[in-house]
Amino acid sequence: RVRRLSIREYANVVSDLLGTAARASVLSSLQPENLLDGFDNQDTTLYVSASFQEGIANLAEKLATQADPASIATCTTAAGSPACLQTFIRSFTTKAYGRPLTDPEFTRINTVAAMGGDYAASVRLVVELVLQSPHLLYVSELGAVEAAPAPQQAVPLTSYEVASQLSFLLTGTRPDDKLLISAQTNGLTRPEDIRVEAERLLQTQRAPAELARFINGWLDMAPIADAPKDPDVFPALTPAIVTAMQQEFDQFVLTQLKGGDGTLAAFMSEQSTKIPAALAPIYGADLKGTTLDANHRRGVLSLPGLLTYHSADQHSSPVERGLFVRRQLLCQAVASPPPEALARIDANPINPLDTKTTTRQKFAAHENDPACSPCHMLFDPIGYGFEQMDGIGRFRTTENGMPVDSRGQLSLSDVDGPFEGPAALSTKLATSKMFESCMVNRFFQFAQSRVTNAADSCVIQDWDAKFTAGGGHIKDLVFAYVAHRTFTNRKDDR
């Protein structure tokens, strides 16, 4: 296949070519893709519409006009030279495409460049052409084009394609110079060689941010500021507190990753250690000096940012929180409401502004309605276990003057049973093989940039076994993937 870059990936490549200001221009000019299962790199969402094509063309022209030829295409003579231009063409395109140009490609680009009236104009024409080239916009997974494979035959990727697979996975952009040299010298042919490069890239500054993208997708987290909240219901949720929630969540994820060394267990058991001062009113009595009450605050599920994002605009929403656990953490599909249930929602709305009952009491109506209970009993009991945390992550024992019942029940898992509060649920899930396997499944989807299917089960089981054997470190998932045959081969299924 060929996969189109996401807007974020495209912005990263452009930034490497032209600088950080160009990256900001990309992100402000192009509409980001809709997330699929929390991820922005899924191949089915990365199509090219007429508006996208026009947007890329306009952006390429704009960025080319703004480019400074003296800095991106330096030459020993002030007026430039044909030799300098040719050197620039080869170096610029290699960085943009993740591979050297073929001779016909070079001839074409050089011909276009010659249309410029002077050296600067020629450089800008190259920039404009390359920024909208399909060789930049797509990641190639086609293998060598010289020999057509037999149907159903495994096709080995080229060394440059392998390099791009690895680089986009761990740095979100095209290969750096060292990785390109490895590709050029056939240094990416053996799994152990690829692992060496993976270990090197895991130590770069970009790797933690890329792995954090996986964590955010796995947890179905988008910017916390995007979560709609009613200011009349939650006046305490100021912009400063939302910023602090995001800062704490991001810092917690990066701390656990530690360059890829973090474990799944740590995500579920560790506490936040760098708490912004602005969150003191949210944590309340749970914050004891610089530490947190471990009975209420343990693991990523108890972070105010996550609890705020996974709740409704006017209440804590046990439905949303229960669905989050069922779908994202256990990888269990939950069907959309049937027509008869949707009709009941319109006829018997739950009033979130009812000040005489608790949220749980309001939503308990699902249990007694035959049109609602079959589905809601799959996730409402899980969501009830979060009720000790309100819609912006504040611990509570009462709501509307009535005691809060935060007893939850986990079912259809390998760790079924009661729990009370997100900290207790985290402890329970940390021992679940289903939970671990689900996370591996999500990593497969993130790494392969596509939704998993039944044919992937053997590969996922293999990764899962290596993940467990390695101690549950996130980096072990990376190593399991890059060492697997599916990293360097694609099947021609035409």
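**Exercise 1. Find the long-range neighbours of Asn400, then say where Asn400 sits and what its side chain reaches.**

Solution. Start with contacts, skipping anything within four places in sequence: Asn400 touches Asp354, Thr355, Lys356, Thr357 and Lys362. Keep in mind that this is a predicted model.

Next, place the residue. Asn400 is in the loop between β6 (398-399) and β7 (402-403). Its relative accessibility is 35%, so Asn400 counts as partly exposed.

Now zoom in on the side chain. One of its polar atoms lies 3.2 Å from the backbone oxygen of Asp354. The side chain of Asn400 also reaches the backbone oxygen of Thr357, at 2.7 Å.

Finally, zoom out: the C-alpha atoms of Asn400 and Gly117 are 74 Å apart, with their positions 283 residues apart along the chain.

**Exercise 2. How many disulfides does the whole structure hold, and how are the bonded cysteines paired?**

Solution. A search of the whole structure turns up 2 disulfides. Take Cys75 and Cys84 to begin with: their sulfur atoms are 1.9 Å apart, and they form a disulfide. Then look at Cys331 and Cys438, whose sulfurs sit 2.0 Å apart in the other link. Number the bonded cysteines in sequence order and the pairing reads 1-2, 3-4.

**Exercise 3. Work out the handedness of each link, and decide whether each bonded cysteine is buried or partly exposed.**

Solution. For Cys75 and Cys84, the angle about the S-S bond is 75°, and the link is right-handed. Cys75 comes out partly exposed because its relative accessibility is 22%, while Cys84, at 17%, is buried; the cut-off for buried is under 20%.

For Cys331 and Cys438, the S-S torsion is about 80°, so this disulfide is right-handed. The pair ties together distant parts of the chain, 107 residues apart: Cys331 is in the loop between α17 (318-329) and α18 (339-347), and Cys438 is in helix α22 (residues 433-448). With 29% relative accessibility, Cys331 is partly exposed. Cys438 is buried, with a relative accessible area of 2%.

**Exercise 4. Why is there no bond between Cys372 and Cys375?**

Solution. Check the distance. The closest cysteine sulfur to that of Cys372 belongs to Cys375, and it is 8.9 Å away, too far for a bond. A disulfide would need the two sulfurs within 2.5 Å. Going the other way, the sulfur of Cys375 has Cys372 as its closest partner, again at 8.9 Å.

Then check the surroundings: Cys372 counts as buried at 9% relative accessibility, whereas Cys375 is partly exposed at 27%.

How values were computed. Residues numbered from 1 in each chain as written. Predicted model: local features only at pLDDT ≥ 70, side-chain atom pairs only at ≥ 80, totals over all residues. Heavy atoms only, no water. Buried < 20%, exposed > 50% of the residue type's maximum accessible area, 1.4 Å probe, protein only. Helix = DSSP H or I, 4+ residues; strand = E, 2+ residues; numbered from the N terminus. Contact = heavy atoms within 4.5 Å. Polar contact = N/O pair within 3.5 Å; in protein donor to acceptor, adjacent residues only side chain to side chain.
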